[in-house]
Amino acid sequence: MSVVGEPGTKELLSLEELEAAGSVRTGRKHILSILVENKPGVLTRVAGLFARRGFNIDTLSVGPTDDPELSRITITLDGAAHPIDQVTKQTHKLVNVLKIRDLEPGETVARELALFKVAADGAARTEIMQICEIFRGKVVDVSKRAVIIEITGTKDKLEAFERMVRPFGLIEMMRTGEIAISRGRGET
Amino acid sequence: MRAVDAVMECLKAEGVDVVFGLPGGANIPTYDALYDGGIRHILVRHEAGGGHAAEGYAKATGKVGVALATSGPGATNLITPIMDAMMDSVPVVFITGQVRTELLGTDGFQEADIFGMTMPAVKHSFMVQHPLEIPRALREAFHIARSGRPGPVIVDIPTDYSRADIPYEPVTDLHLPGYQPTTEGNTKQVRQAAKALAAARRPVIYAGGGVVNADAAEELAEFARIDRFPVTCTLMGLGAYPAPDPQWLGMLGMHGTRAANYAMDEADLICCVGARFDDRITGKLSEFAPRAKFIHIDVDPAEISKNIPAHIPIVGDAKNILGKLIREYRALDADPARLEEWWQRIEAWRAKHPLRYDDSEGTEIKPQRLVQALNEVTGGEAIVTSDVGQHQMWAAQYYDFPKPRRWINSGGLGTMGFGLPAAIGAAVGCPGQTVVCITGDGSIQMNAQELATCAQENIPVKVFIANNGYLGMVRQWQELFWDKRYSAVDMGHHPDFVKLAEAYGCTGVRLTDKTTLVDDVRAAIETPGPVVVDVAVTREENTYPMISPGGAARDMVG
């Protein structure tokens with residue numbers, strides 16, 4: 001880490017210097033799976049820790065687990081933009097956090113749900129429905145001028161589908177953020 | 001019983017005999033219970049004073065401090081002490097009143113979301129959701145505050161809940177599945193550390209506040225003396241190793257001794273115990289101790305390899321680990337003669353670069369001389385609190401602390417206004433001991449209202465103001481690094497501290513003559529009750545030596 005910005009340094013700082021002053025980055029996408037007590041304020045505590053370090057969370061999802069006293073927070077973020085190691089240790093220190101895992105992509109099944117509202121007039125509708133079928137999506141609503149499609153899959157699959165339907169006129173898209181579970185017999 | 005009476009029972013069950021605070025609308029029920037609750041209450045004049053007093057009490061006694069405040073502004077006034085306790089790992093439980101639950105979230109009178117506001121500043125916090133939760137919240141708050149790496153915990157209690165009628169059963173168990181601090185220390189790692197130390201030719205022990213918190217000073221000294229390891233302490237660790245002592249190098253870091261900083265620079269092995277490689281210790285990270293391997297002992301795993309990658313990390317309580325390290329190390333039968341050369345080098349630095357300053361030619365008092373006079377008069381036996389700035393560094397440099405819990409200051413957050421209330425807390429916690437607050441004319445004004453607390457409760461703290469009419473440390477930086485453009489640092493000579501002291505009901509004294517300084521200091525210390533000593537010191541004295549901000553230890557100046 002550089003000492004850019006010490007108040008004893010009178011020199012004007014260039015923007016490049018400021019940007020280069022961060023610490024080590026892993027360069028890959030990370031999925032952090034955090035098991036927490038189901039109590040008020042826990043999500044704020046976790047999210048606050050990431051914000052304090054200037055991290056931009058890509059996706060975040062929270063939900064119940066098989067144990068009603070526990071919830072699971074899944075966070076994905078870009079390791080090229082942020083140093084991960086410190087923040088995972090700090091998160092683990094939170095009293096309400098039972099476990100935090102930085103999931104290995106190869107040993108993890110990750111899925112996300114997305115809803116797409118696509119403009120679909122006349123002929124376009126058939127074509128959109130064909131694409132939908134290829135991606136194993138489901139048409140969940142049809143109206144005169146639009147269809148709504150539900151798709152589950154990896155982030156890459158959803159992005160590929162988005163690219164395919166965008167030319168038809170993508171009115172709206174909503175994504176849940178990834179949830180992930182480790183492969184094999186062991187608990188995540 | 002009323003929930004607030006249960007609060008009193010909980011506090012007593014935790015061993016609390018005194019609390020610091022100020023009442024307001026939302027905690028009147030708590031104060032009603034305090035009225036005959038069997039716990040001493042020190043009425044402060046500002047909640048921040050109460051928070052720092054609880055910190056001073058905790059640091060001096062090793063017990064958990066307690067501060068009370070009402071909702072809204074009472075609670076927000078606690079934010080600085082809360083953050084201060086977080087940065088310096090001080091066990092304090094803060095109990096705040098909250099508006100009644102039907103007003104929550106409506107911008108009710110004196111409503112503030114203190115639970116939300118303090119989230120990044122606490123070790124943990126409880127927003128009580130039901131009156132029945134109160135005893136467990138307090139039990140767990142005290143446990144979290146004092147165990148592992150100590151820290152501040154808030155318990156926020158809505159005023160209607162505090163008036164609820166609840167059955168009180170003492171809570172003995174804990175339900176904290178996510179909180180299990182590692183205290184034991186991995187034996188294999190300890191053995192590896194012992195081996196590395198036995199092979200080292202230029203080792204240094206670098207100890208911090210974690211040794212004080214773990215009550216591990218005896219173990220540290222025993223370990224260091226097996227093999228004549230050189231020892232340096234951080235600002236927070238002063239007293240963890242007895243000063244003066246042949247193996248004591250003095251404090252390290254920005255205003256540490258050259259011997260300590262040069263030893264770190266040339267060391268081949270640094271054994272860090274309960275310290276965290278703060279930027280005021282390392283200077284420029286890439287040039288910090290370039291030849292050294294690091295053993296890092298800390299109870300907080302997040303500190304390990306945060307700033308400096310540790311070669312041998314050991315997570316656990318310093319007392320446990322040093323105990324194990326002593327046993328492992330003795331079994332190795334290392335040859336102490338291997339350190340001869342290293343000690344010769346250190347002794348040469350010590351001889352060539354002792355702490356020094358140019359004394360005045362006339363009768364003017366140098367601030368360093370004031371601290372030396374205090375050291376002489378008290379024989380190192382006082383509890384010394386300080387504020388933040390130049391006087392803090394002079395106090396750290398020139399007062400010899402023979403034992404832990406004698407030096408109480410705000411290190412991590414650097415909170416001006418800490419010294420006087422912390423002295424109150426220390427004096428309340430350690431009756432009969434001499435308590436001295438070394439402060440500056442800038443810092444003292446940030447909590448001077450607590451002189452009224454001293455007078456009312458007859459808390460006999462002796463406040464020595466090194467008065468140079470400046471915000472001295474900022475002035476020093478402007479002199480050294482900003483072309484002497486003294487922007488907003490001249491405080492003039494306001495107020496008249498002698499009159500201020502007298503107005504508050506304390507004794508006020510002014511000292512201006514160095515030739516009678518030791519006798520004058522003694523007279524002030526021997527004066528009963530609270531005393532404020534306004535010491536006119538050299539206006540533009542600098543704190544040296546110094547590692548320039550962002551510089552390397554070997555390039556110390558002054």
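Here is a walk through a predicted model with chains A and B, starting with chain A and ending with the domains of chain B.

Let's begin with chain A. Its secondary structure adds up to five helices and nine strands. If you trace the chain along its sequence, those elements come in the pattern α-β-α-β-β-α-β-β-α-β-β-α-β-β. Chain A has 188 residues, and 24% of them count as buried. As for how the chain folds back on itself, take the contacts between residues at least 6 apart in sequence: 71% of these join residues at least 24 apart.

Now look at the nonpolar cores. The largest one holds 196 residues, and the members that touch the most others are Val93(B), Val155(B), Ala207(B), Leu220(B), Ile270(B), Val273(B) and Phe464(B). Val273(B) makes a good stop here. Setting aside neighbours within four places in sequence, Val273(B) is in contact with Ile205(B), Ala207(B), Gly210(B), Val211(B), Leu220(B), Ile297(B), Ala318(B) and Leu322(B). Another core, of 12 residues, lies apart from the largest one, and its members include Ile149(A), Leu158(A), Phe161(A) and Val165(A).

Next, find the open sheet of six strands in chain B, which pair in parallel in the order β14-β13-β15-β16-β18-β17. At the edges stand β14 (407-408) and β17 (507-511) of chain B; each has a single partner strand, so one side of each has no neighbour in the sheet. Further in, β13 (residues 383-386) and β15 (residues 435-440) of chain B run parallel and are joined by four bridges. To see one of the pairings, pick out Ile383(B), whose bridge partner in β15(B) is Val435(B).

Where do the two chains meet? The contact draws 23 residues from chain B and 22 residues from chain A. On chain B's side, α6 (114-117), β5 (124-127) and α20 (472-481) each supply at least two residues. Sorted by class, that side of chain B has 15 nonpolar, six polar and two charged residues.

Finally, step back and view chain B by its domains: domain 1 covers 3-162, domain 2 covers 187-352 and domain 3 covers 367-536. Taken over C-alpha atoms, the centres of domain 2 and domain 3 of chain B are separated by 31 Å. These two domains of chain B also touch, with 12 residues of domain 2 in contact with 13 residues of domain 3. The side of domain 2 of chain B that touches domain 3 has 10 nonpolar residues, two polar ones and no charged ones.

Terms used. Residues numbered from 1 in each chain as written. Chains lettered and ligands numbered in written order. Predicted model: local features only at pLDDT ≥ 70, side-chain atom pairs only at ≥ 80, totals over all residues. Buried ≥ 20, exposed ≤ 12 C-beta atoms within 10 Å, placed from the backbone. Contact = placed C-beta atoms within 7 Å. Core = buried A, V, L, I, M, F, W, Y, C linked by C-beta atoms within 7 Å. Pairing = 2+ DSSP bridges. Nonpolar A, V, L, I, M, F, W, Y, C, P; charged D, E, K, R; others polar. Domains from an automatic or database assignment.
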